[in-house]
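Colleague: Please take me through this model one feature at a time, and state the cut-offs behind each term when it first comes up.

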Amino acid sequence: MFNGGVNPLFGDPTSPETDGTSASDVTSIPRRWRALAGAVAAGLAVAVAEFVGGLTGLVTGTGVTLVGAVGDWFIDTIGRPLAAPAIDSLGGWSKPLLVVGIVAVCLGLGALVGVASHRRRHLAALAFGAAGLAGAAAAIGVEGASVAGAVVAAGGGALSGWWALGWLLGLAGGRSALPMTTTRSLTAEPMTGPGTTRRRFLGFAGLTAAVGVVAAVAGRALQGSSVAETARSSVRLPAATTTPGVSRIGAAGTEFTTPGLSPLITPNADFYRIDTALVLPDVNPTDWSLTIDGMVDRPVTITFDELLAMPMVEEVVTLACVSNPVGGSLVGTAVWQGVPLATLLAQAGVQPTAQQLVGRSVDGFTVGFPVEAATDGRVALVAVGMNGEPLPVRNGFPARLVVAGLYGYVSATKWLRQIELTTWDAFDPYWIPRGWAREAPVRTQSRIDVPTNGSTVRPGPVPIAGVAWAPDTGIERVEVRVDDGPWVPAELSEPLSNDAWRQWVWTWDATAGLHTIRVRATDRTGFTQPEGPRPVAPDGAEGWHTRRVTVAD
Ligand SMILES: Nc1nc2c(c(=O)[nH]1)N[C@H]1C(S)=C(S)[C@@H](COP(=O)(O)O)O[C@H]1N2
Ligand SMILES: [Mo]
C-alpha cells in the first residue's frame, strides 16, 4: 500500500531497470537533499522507537528506550577505557551528552544512507533493518527488559525510517502527492516545476522532522511514568531501632549553620548520584527478591515484604565515591534504614572458606568486599530507607547495600538483587578489571565549603568552614592553616556517629591581601591526612584541600 509510485526505495516490480525504479529520478536529486532525507528519516526512526518504547512501557510495565539501551551498552563496553566509578561526574552532563551523541551518530548515518541509497535500492532497507536489530539487541540486553517491547519498538522505528526515506526521496525526485493516498500510478507524475518540488520536499522534510520531535518528546514523557516511582510512593517504612546520633539530628546546638556550609544530613535531592545506568532500573518491588547464595549453608531468597518485616536499624553514614577529588562533591551523609547484613548472612550461614561478598544489581553491576566487613561490627546494611523515605529510585530502590568505610564502587550496590559469597579468585567485580583497586577503604578527608575559591572577603572575622569524614573510624580533629602559619584546631560539630562526617568551623581574623587556606583532618586512629596529592585512581584521592581568597575592603 505504500507503493504509490512515489517511493523509489520500494521499487517497481514492473520496471525493466535493474534497480527497480526510475534511477534517473533519484540520482538527479541533489546530494544534500538525499542527505537531508536520510537524516530526517533516521531521526524519525529513533523518535518512533522511543515513542513505541514508551507505549509498550504502559502495557508491559517496563518501558523500552533503545537510545538508553545503546548508551548503556556503550558505557559497558566501548566506554571501558574512559570510564571511572564516577560516570556522570561531569556535573551530570556526561549522560545527556552520550544521548545527544547517539542521536547525532544516527542522524549522520541516516544522511550517509540517504546519499548512498540511490545506487542500491536495498541499502536503505538493509541499513534501517540492521539499525533496528542493533537497537533491539541492546534493549533486550537490559536486564528485565520486555523482549516483545524491544522488538516492537525497534521494528516500528526501522519501518518508519525506511518508509520515510523512500517517501522523501520520492518527493525530492519530483514525484507527487502523499504516500498513502496515491495508489493509482506506478509512474512518476509530472510536477509543476523545480521550485514546487523544492518547496514540497523541504516542507515535508520539515514536517517529518516535527513529527519526530513530537514523538520523541511524547516517548520520553511516557517513559517517565515508572513502575518503581508509583510503587515507591505506596511503600510504608516500618519503625526502626534508632541510634542515639539519629535522635540528635536537628536538636539545638548540634549543627553549625554557617552560610554555605554543608548540612550534617544531605537532603535526598542534593545527594550525589553515581552509577553506570543510563536508564534507571525500574524495579517493581512486588516482583523483586534478594537472594543470598554461593558459599553458604542455606541459600535464602527474601521478598520485599519479608525484608520490611525484619528488625531494622537506622544509621548515619557518610557515603563517598572513589572518584571524588580532593575538595569534590561526590560525598554525602544520610540516615540509612535497613536490615543489618550480618542478620541476613546468619540466616544463610556463611561458610568459613568464603572470602569475598559480591553484591549484584538488577542491572548487572557488581561490587565485592571482604566478608569480614559485613560481620566485624561496622555498619553494613541492606538499606531500604534514606532520610526517612523509601530509597529514591536513583539511589537504588527498592534496596541497596551501605557499608561504612568502603568506597561505593566496592560496597554500595544499588537496585540490589543478589548477595553471593565467594572467593577473591573466583570473581572480579565491575570496576576491578577496569583498573581500580580490589580493596578500597574510604580515605580520611576534609573539605573547605566556605569561603569559596577565588572569592573576596572583607578584613576582620571570617568564618572558614567545611566537613571532614573518616567513616567507620570517626573524625578526631580538624586543623586549618593560613599561608605558612601554624595549623590551628577548628571547632567540630558533635559526631552523629563514627560513620558520619563532622562539620568544622574556624573564625579567621582576615588581613588584606591574597591568602591560601588549607585544611587537614585527623581520624580516631590518630592518622593525619598527608599533604598528597594523590590522584583518585586506583583507590581514592589524598591531599589537603586548598582555597585561595582575596581579602580587601
Ligand atoms: N547498580 C549500581 N550500583 C552502584 C553503582 C553502579 O554503577 N550501579 N555505582 C556505585 C558507586 S561507584 C557509588 S560511588 C555509589 C553511589 O551511590 P549514590 O548514587 O546513591 O550516591 O553507588 C554504587 N552502587
Ligand atoms: Mo563511586
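Colleague: Over how many bridges do strand β14 and strand β18 pair?

Modeller: In this predicted model, strand β14 covers residues 460-469 and strand β18 residues 502-510, where strands (E, at least two residues) and helices (H or I, at least four) are DSSP runs numbered from the N terminus. Two strands pair if DSSP finds at least two bridges between them. Within this pair, Ile464 stands opposite Trp506 in β18. The sense is antiparallel, and the number of bridges is nine.

Colleague: Which conventions apply to numbering, and which pLDDT do side-chain atom pairs need?

Modeller: Residues are numbered from 1 along each chain as its sequence is written, while chains are lettered from A and ligands numbered from 1 in the order in which they are written. Side-chain values use heavy atoms, with hydrogens and water left out, and because the model is predicted, local features need pLDDT of at least 70, totals for chains, interfaces and linings use all residues, and side-chain atom pairs count only at pLDDT 80 or more.

Colleague: Which strands stand at the edges of the open sheet that holds β14 and β18?

Modeller: Four strands form this open sheet, in the order β12-β14-β18-β17, with antiparallel pairing. Each edge strand has a single partner, so one side of it is left without a neighbour in the sheet. The edges are β12 (445-450) and β17 (491-492).

Colleague: Is Gln445 buried or exposed?

Modeller: Gln445 lies in strand β12, one of the two edge strands. A polar atom of its side chain lies 3.1 Å from the backbone oxygen of Ala541; that is a polar contact, meaning a pair of N or O atoms within 3.5 Å, where within protein one must be able to donate a hydrogen and the other to accept it, and residues adjacent in sequence count only if both atoms are side-chain atoms. Residues under 20% relative accessible area are buried, those over 50% exposed and those in between partly exposed (1.4 Å probe, protein chains only). At a relative accessible area of 5%, Gln445 is buried.

Colleague: Which strand pairs with β2 in the parallel sense?

Modeller: Strand β2 (residues 289-294) pairs with strand β3 (residues 300-303) in the antiparallel sense over four bridges, and these two form a hairpin with five residues between them. Ile292 stands opposite Val300 in β3, while Thr291 stands opposite Gln418 in another strand, β11. The parallel pairing, over four bridges, joins β2 to residues 416-422, which make up strand β11.

Colleague: How far apart are the end C-alpha atoms of helix α6?

Modeller: The expected span of a helix is 1.5 Å times one less than its number of residues. Helix α6 has 26 residues (147-172) and should therefore span 38 Å. Just after α6, Gly174 takes a positive phi of about 90°. The end C-alpha atoms of α6 agree with the expected span, at a separation of 37 Å.

Colleague: How much of the accessible area of ligand 1 does the protein cover?

Modeller: Ligand 1 is surrounded by 20 residues, the closest being Tyr272, Thr276, Asn395, Arg400 and Lys414, where a residue counts as near if one of its heavy atoms lies within 4 Å. An oxygen atom of ligand 1 is 2.5 Å from an N or O atom in the side chain of Lys414, and a nitrogen atom of the ligand lies 2.9 Å from a backbone N or O atom of Ala412. Of the 530 Å² of accessible area that ligand 1 has on its own (Shrake-Rupley method, 1.4 Å probe), the protein covers 99%.

Colleague: Where does Asp472, with its positive phi, lie?

Modeller: Most residues other than glycine have a negative phi. Asp472 is not a glycine, yet its phi is about 75°, and at a relative accessible area of 32% it is partly exposed. Asp472 lies in the loop between β14 and β15 (475-482).

Colleague: What is omega for the cis peptide bond that joins Ala537 and Pro538?

Modeller: Pro538 is found in the loop between β19 and β20, and Pro533 lies in the loop between these strands too. The peptide bond from Gly532 to Pro533 is cis, with omega near -5°. For the cis bond joining Ala537 and Pro538, omega is about 0°.
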